[in-house]
Amino acid sequence: MTESEHVTILEAARRCGVSDKTIQRAIRRGILPARYPQPNRCEIAVSDLERIRLGQMSGHTTEPLERRVAELEQRVQDLEALVQRLLKRQEAPKPRRASRTKERTTGPLPRQFISLLAFARHHNVAESKVLSHIEMGLLPVKRGEWTDHDGMVVTLALDAKGRAAFSQLYHGIPPFLSCKQCPH
């Protein structure tokens, strides 16, 4: 056979009116013979393309067109009904969640908070560094006007999320001091 009697996968797909993936599947399933004259180059004999019917290659049977159209129309109707049900579900009012109680911003320092500046001193991190990272938004803090157990006024505090961010931000950077009470 000469080279002109063979075509590439893309040309075979074009001639058969199918996708190149369909041709590749037919080759893998053994329905369509192919040769590989070079690595990454697959060729199909034109005579093999002419012998194989489109229905065999794509996996579809040749059934009356009217029947296939009717099945597709039914599927479209089913999908439209499904879309309508989903749209109605979205329109239904969602139950409101009870709003969280506001955190107290005055009085004694809540138990879940710790003074940011005391925490920074305890871990040997400079106050100026901590304050600049707060301004940059790197360190989440709680703002208020509480008093700690020593009677000191606390305006910036850390909750569990803030302590974790503090640890992640400063841990391993000298002169940071680790402690046994913190999860770092």
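Two strands count as paired if DSSP finds at least two bridges between them. By that rule the structure, which is a predicted model, has two open sheets to describe: one has three strands and the other has four.

**The three-stranded sheet**

The order of the strands here is β1-β3-β2, with antiparallel pairing. β1 (6-8) and β2 are the edge strands, each pairing on one side only. On average, and ignoring direction, neighbouring strands of this sheet are turned by 45° against each other.

β2 (residues 35-38) and β3 (residues 41-45) are joined by two bridges. Within this pair, R35 stands opposite E43, and Q38 has R41 as its bridge partner. The two strands form a hairpin with two residues between them, in which N40 takes a positive phi near 65°.

Helix α1 packs on this sheet and touches β1 and β3. The direction of α1 makes about 100° with that of β1.

**The helix pair**

Two packed helices are described by the angle between their axes and the distance between the axes. For α1 (residues 9-16) and α2 (residues 20-28), the angle is about 105° and the axes lie 8 Å apart. Angles of 65 to 115 degrees count as roughly perpendicular, and α1 and α2 are therefore roughly perpendicular to each other. On the α1 side the contact is made by I9, L10, A12 and A13, and on the α2 side by D20, I23, Q24 and I27. By class, these residues are six nonpolar, one polar and one charged.

**The four-stranded sheet**

The second open sheet has the order β4-β6-β7-β5, and its pairing is mixed. β4 (106-108) and β5 stand at the edges with a single partner strand each, so one side of each has no neighbour in the sheet. The pairs of this sheet are listed below.

| Strand pair | Sense | Bridges |
|---|---|---|
| β4 and β6 | parallel | three bridges |
| β6 and β7 | antiparallel | four bridges |
| β5 and β7 | antiparallel | two bridges |

Particular residues can be picked out in each pair. T106 has E145 in β6 as its bridge partner. R143 stands opposite L156 in β7, and I114 stands opposite L158 in β7. β6 (residues 142-147) and β7 (153-158) form a hairpin with five residues between them. In the turn of that hairpin, G151 has a positive phi of about 90°.

In a regular strand the side chains alternate between the two faces of the sheet.

**The second largest pocket**

Which elements each supply at least two residues of the lining of the second largest pocket? They are α6 (116-122) and β7. The largest share, four residues, comes from β7, the strand that also pairs with β6 and with β5 (residues 114-115).

The pocket holds about 160 Å³ of space. S115, L117, A118 and R121 are among the lining residues, as are D148 and M152. The lining also includes V153, V154, T155 and L156. Of these, L156 is the residue that faces R143 across the pairing of β6 and β7. By class, the lining divides into six nonpolar, two polar and two charged residues.

**Drawing the parts together**

β7 takes part in the sheet of order β4-β6-β7-β5 and supplies four residues to the lining of the second largest pocket. α1 likewise has two sets of contacts: it packs on the sheet by touching β1 and β3, and it packs with α2 at an angle of about 105°.

Notes. Residues are numbered from 1 along each chain as its sequence is written. This is a predicted model: local features need pLDDT of at least 70, side-chain atom pairs count only at pLDDT 80 or more; totals for chains, interfaces and linings use all residues. Side-chain values use heavy atoms; hydrogens and water are left out. On a 1 Å grid over the protein atoms alone, a cavity is a set of points where a 1.4 Å probe fits but cannot get out, and a pocket is an open set with protein on both sides within 12 Å along at least five of seven lines; lining residues have an atom within 4 Å of a point. Grid points are joined across faces, edges and corners, and a volume is the space filled by probe spheres set on the points. Ala, Val, Leu, Ile, Met, Phe, Trp, Tyr, Cys and Pro count as nonpolar, Asp, Glu, Lys and Arg as charged, and the others, Gly among them, as polar. Axes are lines fitted to C-alpha atoms, for helices over the stretch in contact, and angles run from 0 to 180 degrees between N-to-C directions. Angles under 35 degrees count as roughly parallel, over 145 as roughly antiparallel, 65 to 115 as roughly perpendicular and the rest as oblique. Contact means heavy atoms within 4.5 Å.
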